[in-house]
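Here are my notes on the model you sent over. I've numbered the points so you can follow along with the structure open.

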Amino acid sequence: MHRIGLYPGTFDPPTNGHIDIFGRAMKLVDTLVIGVAINEAKKPLFSLEERVNMVKAECAHFNGPGLAEVKVMPMHGLLMKFAEACGAQMILRGLRAVQDFEYEFQMTAMNEQLNPDIETVFLMADVRHQAVASRLVKEIASLGGDISPFVSPDVKRALMEKYGK
């Protein structure tokens, strides 16, 4: 059986925590679809096209035996509809803290009602990345702080350009 997993997110911007989850998720599936969400409620700093391109660039170094094929796709609409369209058997989600668990627990219960055949698999964030959130990285960057520990050099450069730093 060809296992397809979907890792959805806004990735505005992709952080080292996201990259860590990408790499670990690739060990669990044959194809990893990274769904870059259109979420206007979050008022993304980067356009959908910019975020898709950043995620593609961040995943470019992932290849080798035992790792999944990666597809980065813009995602819109209902998560479960997108998962069904991708042929995903599982949704992969990263967890950092208790607050993440509470939100994800509720989302999983709703998604299971929509399609009980698609499982949700949680991956705990590496200890080094548990406090890293895109929202905080953007705030630090906007105030001229050093975001090097939280994002790749390419993402740092893109953020600094957005903030004119």
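**Notes on the model**

1. First, the edge of strand S5. Glu119 has a relative accessibility of 48%, so it counts as partly exposed. Keep in mind as you read on that this is a predicted model. Glu119 sits in strand S5, which covers residues 119–124. Together with Glu84, Glu112 and Asp117, Glu119 makes up a negative patch on the surface.

2. Now the inside. The largest nonpolar core has 20 residues, and those touching the most other members are Tyr7, Phe11, Phe22, Leu32, Ile34, Val55 and Leu92. At least two core residues come from each of helix H1 (16–25), strand S2 (31–37), helix H2 (48–59) and strand S4 (90–95). H1 gives the largest share, with four residues. As a rule, nonpolar side chains in soluble globular proteins tend to be buried together.

3. The loop between S1 and H1 deserves a look at its backbone. Phe11 is in that loop, and its phi is positive, about 50 degrees, even though Phe11 is not a glycine. With a relative accessibility of 3%, Phe11 counts as buried. Phe11 is also one of the core residues that touch the most other members.

4. Still in that loop, go on to Pro13, which lies between strand S1 (4–9) and H1. The peptide bond running from Asp12 to Pro13 is cis, with omega near 0 degrees. For background, most peptide bonds are trans, and most residues other than glycine have a negative phi.

5. How many salt bridges does the structure hold? There are eight of them, and I'll pick out a few. In helix H1, Asp20 pairs with Arg24, with 3.2 Å between the closest N and O atoms. The two are four residues apart in that helix, so about one helical turn separates them. Asp20 counts as buried at 17% relative accessibility, while Arg24 counts as partly exposed at 28%.

6. Another bridge links two helices. Lys162 and Glu50 form a salt bridge whose closest N and O atoms are 3.2 Å apart. Because Lys162 belongs to helix H6 and Glu50 to helix H2, the pair ties together parts that are 112 residues apart in sequence. Both ends are partly exposed: Lys162 has a relative accessibility of 36%, and Glu50 has a relative accessible area of 31%.

7. One more salt bridge to click on is Asp126 with Arg128, where the closest N and O atoms are 2.9 Å apart. Asp126 is partly exposed, at 24% relative accessible area, whereas Arg128 counts as exposed at 64%.

8. Last, two distances to check in your viewer. Leu143 sits in the loop between helix H5 (134–142) and helix H6 (153–162), and it counts as exposed with 67% relative accessibility. From Leu143 to Lys165 the C-alpha atoms are 9.3 Å apart, with 22 residues of sequence separation. The other distance starts in helix H2, at Met54, which is buried with a relative accessible area of 10%. Met54 and Phe82 are 28 residues apart in sequence, and their C-alpha atoms are 21 Å apart in space.

How values were computed: Residues are numbered from 1 along each chain as its sequence is written. This is a predicted model: local features need pLDDT of at least 70, side-chain atom pairs count only at pLDDT 80 or more; totals for chains, interfaces and linings use all residues. Side-chain values use heavy atoms; hydrogens and water are left out. Patches are made of residues with over 30% relative accessible area and no salt bridge: like charges are joined within 9 Å, nonpolar side chains (Val, Leu, Ile, Met, Phe, Trp, Tyr) within 5 Å. Accessible areas come from the Shrake-Rupley method with a 1.4 Å probe; for residues, only the protein chains shown count as cover. A salt bridge is a side-chain nitrogen of Lys or Arg within 4 Å of a carboxyl oxygen of Asp or Glu. Lys and Arg count as positive and Asp and Glu as negative; His and the chain ends are not counted. The place of a charge is taken as NZ of Lys, CZ of Arg, CG of Asp or CD of Glu. Buried means under 20% relative accessible area, exposed over 50%, partly exposed in between (1.4 Å probe, protein chains only). A nonpolar core is a set of buried Ala, Val, Leu, Ile, Met, Phe, Trp, Tyr and Cys residues joined through side-chain atoms within 4.5 Å.
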